[in-house]
Amino acid sequence: MSYNLLKGKKGIIFGALDNKSIAWKVAEKAHAEGAVFTLSNTPTAQRFGMLSELAEKTNSEIILADATSVADLTNVFNKSMEILGGKVDFVLHSIGMSLNVRKKRVYNDLDYNFLNKTLDISAVSFHKMLQVAFKLNAINDWGSVVALSYIAAQRTHYGYNDMADAKALLESIARSFGYIYGRERKIRVNTISQSPTRTTAGSGVKGVEGLIDFTDRMSPLGNADADECADYCLVLFSDLTKKVTMQNLYHDGGFSNMGMSQRAMTMYNKSLDLPDDIIP
Ligand SMILES: NC(=O)c1ccc[n+]([C@@H]2O[C@H](COP(=O)([O-])OP(=O)(O)OC[C@H]3O[C@@H](n4cnc5c(N)ncnc54)[C@H](O)[C@@H]3O)[C@@H](O)[C@H]2O)c1
């Protein structure tokens with residue numbers, strides 16, 4: 001169902017790789033809600049992913065960029081304003097990658113070159129994006145910028161590795177730049193802390209299937225999926241959330257405020273061979 005929530009709005013969506021990507025769902029839904037936008041990802045992602053299919057489907061142009069390159073990002077914002085005929089109203093940063101995770105380097109045996117890359121790709125790229133947009137004055141007043149985060153920024157999650165540090169930095173950048181952007185241009189900057197989700201990036205996390213089951217049992221509303229995450233992004237891009245900024249917003253079915261749930265305890269007791277009726 002469409003509400004025309006983003007009618008007349010222009011945007012840039014970074015990070016759609018394939019039809020499982022959160023950014024892919026955001027693009028589909030933003031298109032349905034009346035927005036026009038450009039899509040950006042790396043040349044490798046375009047080669048191995050399905051970006052062209054999404055561009056066709058949503059009638060958008062692709063601008064290739066490595067989000068760690070200020071020159072590439074400058075080109076994305078300049079070209080987007082050219083293509084869309086003016087400044088943008090929303091930007092999605094849906095980018096994450098850790099070579100330490102990929103190469104199975106554990107947290108007490110990190111490769112520091114990989115760590116630098118993790119931080120640059122997954123967090124500093126957000127600062128670069130905001131700084132480029134700020135200097136180019138590329139976002140309209142009351143615009144909205146959203147990046148995707150994960151609760152490992154606040155609480156240790158086995159297997160999330162150096163991505164936890166990247167997400168903590170990402171959320172801090174949202175606050176620090178959110179202050180400046182709010183003060184100077186009335187532009188919102190937020191992060192959404194999403195449930196574990198079956199995507200290419202999500203599947204790289206150690207033990208992800210068990211984690212998805214665990215968080216689902218722990219969350220009173222169950223895990224939030226990629227479609228639901230996209231819905232939340234759209235609300236934050238819309239004019240319905242004009243005074244929401246500098247926030248890390250949990251989108252996790254309640255997981256972040258849980259200590260132990262009945263469903264998770266039942267499983268735990270089963271594994272210990274305890275009766276599951278001891279919970280009131
Ligand atoms: N999947 C989950 O469980 C989950 C949970 C919480 C938050 N997130 C976050 O959501 C965001 C999107 O991930 P996803 O789950 O949709 O997976 P995804 O693999 O579909 O998306 C990750 C994207 O990052 C892009 N990327 C990697 N390096 C890049 C670079 N140098 N420049 C530009 N783009 C680059 C990839 O090409 C890909 O499109 C990430 O920030 C991720 O950490 C994911």
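# Notebook: strands, ligand shell and core

I began with strand 1 (10-14) and strand 3 (88-93), which run parallel and are joined by 4 bridges. Two strands count as paired if DSSP finds at least two bridges between them. The strands (E, at least two residues) and helices (H or I, at least four) are DSSP runs, numbered from the N terminus.

I noted that this is a predicted model, in which local features need pLDDT of at least 70 and side-chain atom pairs count only at pLDDT 80 or more, while totals for chains, interfaces and linings use all residues. Residues are numbered from 1 along each chain as its sequence is written.

**Entry: the sheet**

I looked up the strand order next. The sheet is open, has 6 strands in the order 2-1-3-4-5-6, and its pairing is parallel. Strand 2 (36-40) and strand 6 (248-251) are the edge strands, each pairing on one side only. I also noted the twist: neighbouring strands are turned by 20° against each other on average, with direction ignored. Angles here run from 0 to 180 degrees between N-to-C directions, and axes are lines fitted to C-alpha atoms, for helices over the stretch in contact.

Then I walked along the pairs. Between strand 1 and strand 3, I found Ile12 opposite Val91. Strand 3 also runs parallel to strand 4 (139-149), with 5 bridges joining them. There, Phe90 stands opposite Ser144 of strand 4. Strand 4 and strand 5 (188-194) pair in the parallel sense over 6 bridges, and Val145 has Val189 as its bridge partner in strand 5. Finally, strand 5 is joined to strand 6 by 4 bridges, again in parallel. Thr191 faces Asn248 of strand 6.

**Entry: what covers the strands**

I checked burial. A residue is buried if 20 or more other C-beta atoms lie within 10 Å of its own, exposed if 12 or fewer, and partly exposed in between, with C-beta atoms placed from the backbone. Why is strand 3 largely enclosed? I found that 6 of its 6 residues are buried, so the rest of the structure largely encloses strand 3. Strand 5 gave a similar entry: 7 of its 7 residues are buried, so it too is largely enclosed. Arg188, Asn190, Ile192 and Gln194 lie on one side of strand 5, and Val189, Thr191 and Ser193 on the other.

Which strands does helix 1 lie across? I listed strand 1, strand 2, strand 3, strand 4 and strand 5, and noted that helix 1 runs at about 160° to strand 1. Helix 7 (163-185) packs on the sheet too, touching strand 4, strand 5 and strand 6, and its direction makes about 155° with that of strand 5. For touching, the C-beta atoms of two residues, placed from the backbone, must lie within 7 Å.

**Entry: the core**

The largest nonpolar core has 68 residues, and Ile13, Ala27 and Cys233 have the most contacts inside it. Such a core is a set of buried Ala, Val, Leu, Ile, Met, Phe, Trp, Tyr and Cys residues joined through C-beta atoms within 7 Å. Helix 7 supplies the largest share of this core, 8 residues. I followed up on Cys233: leaving out residues up to four places away in sequence, it touches Val26, Leu92, Val146 and Ile192.

**Entry: around the ligand**

I counted 26 residues surrounding the ligand, and Ser21, Gly96, Thr199, Ala201 and Gly202 are the closest. To be near the ligand, a residue needs its C-beta atom, placed from the backbone, within 6 Å of it. Helix 1 (22-32), strand 4 and helix 8 (200-203) are the elements that give two or more residues to this shell. Helix 8 gives the most, with 3 residues. By class, the shell has 12 nonpolar, 13 polar and 1 charged residues. Nonpolar covers Ala, Val, Leu, Ile, Met, Phe, Trp, Tyr, Cys and Pro; charged covers Asp, Glu, Lys and Arg; the others, Gly among them, are polar.

**Entry: three single residues**

Is Ala224 buried or exposed? Ala224 counts as buried because 23 C-beta neighbours lie inside 10 Å. I found Ala224 in the loop between helix 9 (208-218) and helix 10 (226-237). Its contacts include Gln194, Ser195 and Cys229.

Asn4 sits in the segment before strand 1, and its phi is near 55°, a positive value in a residue other than glycine. With 11 C-beta neighbours inside 10 Å, Asn4 counts as exposed.

Lys104 is not a glycine either, and has a positive phi of about 60°. I placed Lys104 in the loop between helix 5 (99-102) and helix 6 (112-136). Lys104 is exposed, with 10 C-beta neighbours inside 10 Å.
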